[in-house]
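Good morning, everyone, and thank you for making the time. I would like to talk through the aromatic contacts and the cysteines, so please have a look at the structure before I go on.

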Amino acid sequence: VSRRSAALGALLALIALGGSIAAVGVASMTAAKKKTPVVLVADDYFSPTSLKIKKKTKVKFKWSSNNINTHDVQLDKGPKGVKKGDFRSGSAATNYKFTPKFVKPGTYDLLCSLHPDVMQVEVKVKR
Amino acid sequence: VEEEPGLNALAVRLALLISVVALVAIPAQASAAPDTPAAAAAKGKGKGKGKKKPKSLTVCKHGCKYRSIQDAVDKAKKKKVKKIKVEPGKYVEGVLIDGHKYDGLTITGTHKNAKKVILEGKNAKGEGGPAQNGIEATNVDDLTLKNMWARNYAANGFLVRDSDPDVGSTIDCNDYLMKNLYASFNRSYGMYAFQCAGGRITKSVGWGHGDSAFYIGGTPIQDDPKTTSLDKLEAFENVLGYSGTNSHYVDIHHSAFYNNGVGLVPNTLDSEPFEPSADGVIRENDIFWNNFNYFLPNSRVKTVSGGLGEIGGATINYPTGVGVALFGAQGWVVRDNNIFGNFKWGSAAFSDPFNEGDDAVSRDNQFLDNLNGRGGTDTNAVDFWIDGSGSGNCFSGNVSSTFDPSSGATNEQLYPTCPAPAPPASGTGTSGGDPEQQLGDLLGYVTTDPPENQECSWTKHPHPDYKDYEPLEVTPGPDCP
């Protein structure tokens, strides 16, 4: 049993490492190519999972063309006075974009309401 | 490319009869529709006092006030109308219904033949890109959708959902009815309910989906649970016939799941709320020929390109050739089904040792009184396969059953009669199972490279005729070593 647990642990570590590398790769690639920050919406993760922007900046959420699952983007928590309805996309799988504008400084916690435990992204908006 | 499913002779005769009736009925109905110009003129309606609220709005391609379903939906909110009738035609749009102002709304095709009222996803545009769903209803109670066909959407055919991700919040999607709907070749799901309570999908058909024809997602835990009924359904040529991640209180019965990769998969995943999937019933269904090898190049259906994940550099894919798979499920009853001609496993149950929080332990599932292998004429490779994990899983009263053995555990330990003895007499009690079953059979199968070679381990045979169904075989098959 202990040998199997160790093997499973090693496999989990490999999976976690693979996921981290993929996330870093996508983040740096999108940052280099786009002025508007891009967040990839994929099965079942956002990439990157956190970003910092200046106020009055738009962020483009772009759905992966490889998706089979359906995802959305919603505001879970945001600065006081920000309407959740201004940060709510449709439910989509592929070839879809959602580009909300972040006007008010503060921290915005967004998620996919269909996969809320595994798809979260934090957007920090500076003054 | 869309193709219709085969129809048997009786169905054709019925359709013809219904068409004749409809031809007689529709002109009368159209002339009586309160929102058409002709009807308004005939009744002398005009602006001002005395104008009555219409009982329904009618949508049609020519001669109606509303030429798109969305236009009628938007107007229904303003006029507080609770019924929208959609006449035969092809509607290239994605319909959005949002909020409790639509509670109690019915959208129905006027023709009993659902294929006459088409919601077409190809070339349909929506905000942010192509239209994603034929109809998406968010936070609507008592919604009824009837007599329509949604096809070729970027995401789903018909989607009803609660939008609030807070698991403790009020349930804003109650008691929907989807009746006599067709869904085909939508990318994700045909008919999809998420975070809803109650509801029914009945007399509906789904085929050609990259995930499942019918999907019940995370279901809120309820003190006095409402059952979600799925009945009189047909699912074929899908990656999965039925899938339900973290679903609860689902009763799937009197339906046919055939020619899918897997017939039915209640499952527990970290990705959705309300783990684990629990307290469902699969009863009195035909579950057969689920040997759809969609990994082959000539398959009309494609699934997730990169697989479900990776283990040690090996890609994990869905299994194929399986009738029923209980994946990390608890308290499910699989009874009185007719399960045959599945080339890997008739029924299977296994845990997910990688689940965070260890919520996906296979527990207290019962396989009772199932009829396997059509009396030996159309057998499953083996009728039952279990990974030896969890506890309380048991098997009683099943006819003509074969059990997949392990050299590490006895059949009495793996496949006890009900009620099952406590671990270690049966099951490990944890998500870790019998090594040969879990790490050998299961992991070896789902990491087969290339995945189309899963078929190489099937036990195949010709299927005797069954009703008017045709087995689906993708050719050419894999190049087996």
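Let me start with a charge over a ring: R374(B) lies over the face of F340(B), at 5.4 Å from the ring centre. Please keep in mind throughout that this is a predicted model. A second arginine, R151(B), sits over the face of W149(B), and here the distance to the ring centre is 4.7 Å. Both of those rings, F340(B) and W149(B), belong to one aromatic cluster, which also takes in Y182(B), W207(B), F236(B), Y258(B), F288(B), W289(B), Y466(B) and Y469(B).

Now to the pairs of rings. A pair of aromatic rings is described by the distance of the centres and the angle of the planes. Over all chains, the count comes to 37 aromatic pairs. Let me take one from chain A, where the ring centres of F46(A) and F61(A) are 6.2 Å apart and the planes stand at 75 degrees, so that this pair is edge-to-face. F46(A) belongs to strand β2, residues 45-47, and F61(A) to strand β5, residues 60-63, so the contact ties together parts of chain A that are 15 residues apart in sequence. As for their surroundings, F46(A) is buried at a relative accessible area of 2%, and F61(A) is buried at 0%.

For chain B, I have picked F384(B) and F403(B), which form a stacked pair with 5.5 Å from centre to centre and 20 degrees between the planes. F384(B) is in strand β33, residues 382-386, whereas F403(B) is in the loop between β34 and α4, so this pair ties together parts of chain B that are 19 residues apart in sequence. Is each partner buried or partly exposed? F384(B), at 0% relative accessibility, counts as buried, while F403(B), at 28%, counts as partly exposed.

That brings me to the cysteines. There are four disulfides over all chains, and if the bonded cysteines of chain B are numbered in sequence order, the pairing reads 1-2, 3-4, 5-6, 7-8.

I will go through three of these links. C60(B) is joined to C64(B) with an S to S distance of 2.0 Å, and the link is right-handed, with 115 degrees about the S-S bond. C60(B) is buried, with a relative accessible area of 4%, and C64(B) is buried as well, at 10%.

Next, C173(B) is bonded to C196(B), S to S 2.1 Å, in a right-handed link with 80 degrees about the S-S bond. C173(B) lies in the loop between β11 and β12, and C196(B) in the loop between β13 and β14, so this disulfide ties together parts of chain B that are 23 residues apart in sequence. Both C173(B) and C196(B) are buried.

The link of C394(B) to C418(B) has an S to S distance of 2.1 Å, and its torsion about the S-S bond is about 95 degrees, so this disulfide is right-handed too. C394(B) lies in strand β34 and C418(B) in the loop between α4 and α5, so the pair ties together parts of chain B that are 24 residues apart in sequence. C394(B) is buried at 2% relative accessibility, but C418(B), at 25%, is partly exposed.

Finally, what is the nearest cysteine sulfur to C112(A), which is in no disulfide? That sulfur belongs to C196(B), 15 Å away, and C112(A) itself counts as buried, at 0% relative accessibility.

Terms used
Residues are numbered from 1 along each chain as its sequence is written. Chains are lettered from A and ligands numbered from 1 in the order in which they are written. This is a predicted model: local features need pLDDT of at least 70, side-chain atom pairs count only at pLDDT 80 or more; totals for chains, interfaces and linings use all residues. Side-chain values use heavy atoms; hydrogens and water are left out. Rings of Phe, Tyr and Trp (its six-membered ring) pair if their centres lie within 6.5 Å; planes under 30 degrees apart count as stacked, over 60 as edge-to-face and the rest as tilted. Helices (H or I, at least four residues) and strands (E, at least two) are DSSP runs, numbered from the N terminus. Buried means under 20% relative accessible area, exposed over 50%, partly exposed in between (1.4 Å probe, protein chains only). A charge sits over a ring if NZ of Lys or CZ of Arg is within 6 Å of the ring centre and within 35 degrees of the ring normal. A disulfide is a pair of cysteine sulfur atoms within 2.5 Å.
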